[in-house]
Amino acid sequence: MVLKHRLCGGKQRARTESDKALREQQILDAAERLFLEHRFHGLTLADVARETGLTKAALYRYFRSKELLFIAVYRRAMSGWVSDVEAVGPDGFPNQFVDRILAHPVFCGLTAILHIALETGLSEEEAREFKLFLLSQSRRITAVIGKATNREEAACLRYLLQCQQALIGCWHMSHPPEPARKAMQLEPLTVFQLEFSDTLEHHLSILTKAFMQDE
């Protein structure tokens, strides 16, 4: 706590490797929260700098663009989810698969805006590096699913991408912008209100059943 205060409260430049690593984690913690609160387009690096007590120049030393900051936050969230699924192992598929997704709301929320974040702002090399990261993490998940089902990697990957598509759709349908959310609180529009967990669980149960039957 003392170190955190010294770094972010005092705005001193981090000089040791441990100070730099701590400051980077502080930036990621703040950005993670802000990306979910303000969505991608509503957030600026100035917001993150203000939240962490840094100057914009100091923040740029760690992340030169909002896109690269988002990717760093997403890498951490996805790695946590993948490690969780691996820890549960093949015995947890399919019964615990949805629970392991819902246990990582940050991963869910960031996945929903991932395609927006990657639209602009990345070089081809940066985009390729990130896509290779996504592929490596996806293969870790499909390895678990493959062991549980004896299905080939291509089939498992196709199922995983379908789950991702369902997650994105369910997230946006259940997290509308504030004016729409308030409008749907009154009859007869309440029929459009959706709860994310229930909706995603319903969609993934259908996808999983089809995947398991598609031998």
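Is R76 buried, partly exposed or exposed? I would like to begin there, and I should say straight away that what we are looking at is a predicted model, so everything I describe this morning is computed from that model. R76 is partly exposed, because its relative accessible area is 26%, and that value falls between the 20% under which a residue counts as buried and the 50% over which a residue counts as exposed.

Let me stay with R76, since this residue also has a charged partner. As general background, side chains of opposite charge can pair when their charged atoms come close. In our model R76 forms a salt bridge with D29, and the closest N and O atoms of the two are 2.9 Å apart. If you follow the chain between them, you will find that this pair links distant parts of it, for R76 sits in helix α5 while D29 sits in helix α2, residues 17–38, and the two are 47 residues apart. D29, like its partner, is partly exposed, in this case because its relative accessible area is 39%.

The count of salt bridges comes to 10, and I will show you two others, in which both partners belong to one helix. In the first of these, the side chains of R50 and D47 meet at 3.1 Å, taken from N to O. Both residues lie in helix α3, residues 45–52, where they are 3 residues apart, or about one turn of the helix. Their accessibilities put them in separate classes: R50 counts as exposed because its relative accessibility is 58%, whereas D47, at 22%, counts as partly exposed.

The second is the salt bridge between R181 and E178, whose closest N and O atoms are 2.6 Å apart. Because R181 and E178 are 3 residues apart in helix α11, about one helical turn separates them. R181 is partly exposed, with a relative accessible area of 34%, and E178 is partly exposed too, with 38%. Beyond such pairs, there is also a network, in which salt bridges that share partners join D29, E32 and R76.

Now let us turn to the empty space in the model. Rolling a probe the size of a water molecule over the atoms shows where empty space is left. The largest pocket holds about 390 Å³ of space, and of the 21 residues that line this pocket, the closest to its centre are Y74, M78, S138, L161 and Q164. Several elements give two or more residues to that lining, namely α5, α7 (105–112), α8 (114–117), α9 and α10 (153–174). The largest share comes from α10, which supplies 7 residues. When we sort the lining of the pocket by class, we find 16 nonpolar, 4 polar and 1 charged residues.

How many cavities of 30 Å³ or more does a search of the whole structure find? The search finds 1, and the volume of this largest cavity is about 60 Å³. Its lining includes V85, V88, F93, R100 and I145, and at least two lining residues are supplied by each of α5 (66–88), α6 (97–102) and α9 (124–149). By class, the lining of the largest cavity has 6 nonpolar, 3 polar and 1 charged residues.

I would also like to point out two buried residues, each with a distance that you can check on the structure. A117 is in helix α8, and this residue is buried because its relative accessible area is 1%. Although A117 and R39 are 78 residues apart along the chain, their C-alpha atoms are separated by 9.8 Å. V73 belongs to helix α5, and V73 counts as buried because its relative accessibility is 0%. The C-alpha atoms of V73 and H203, which are 130 residues apart along the chain, are separated by 27 Å.

Finally, let us look at the surface, where L189, V191 and F192 make a nonpolar patch of about 300 Å². L189 is found in the loop between α11 (178–183) and α12 (196–213). Why does L189 count as partly exposed? The reason is that its relative accessible area is 34%, and this also satisfies the rule that residues in a patch have over 30% relative accessible area.

How values were computed. Residues are numbered from 1 along each chain as its sequence is written. This is a predicted model: local features need pLDDT of at least 70, side-chain atom pairs count only at pLDDT 80 or more; totals for chains, interfaces and linings use all residues. Side-chain values use heavy atoms; hydrogens and water are left out. Patches are made of residues with over 30% relative accessible area and no salt bridge: like charges are joined within 9 Å, nonpolar side chains (Val, Leu, Ile, Met, Phe, Trp, Tyr) within 5 Å. Accessible areas come from the Shrake-Rupley method with a 1.4 Å probe; for residues, only the protein chains shown count as cover. A salt bridge is a side-chain nitrogen of Lys or Arg within 4 Å of a carboxyl oxygen of Asp or Glu. Helices (H or I, at least four residues) and strands (E, at least two) are DSSP runs, numbered from the N terminus. Buried means under 20% relative accessible area, exposed over 50%, partly exposed in between (1.4 Å probe, protein chains only). On a 1 Å grid over the protein atoms alone, a cavity is a set of points where a 1.4 Å probe fits but cannot get out, and a pocket is an open set with protein on both sides within 12 Å along at least five of seven lines; lining residues have an atom within 4 Å of a point. Grid points are joined across faces, edges and corners, and a volume is the space filled by probe spheres set on the points. Ala, Val, Leu, Ile, Met, Phe, Trp, Tyr, Cys and Pro count as nonpolar, Asp, Glu, Lys and Arg as charged, and the others, Gly among them, as polar.
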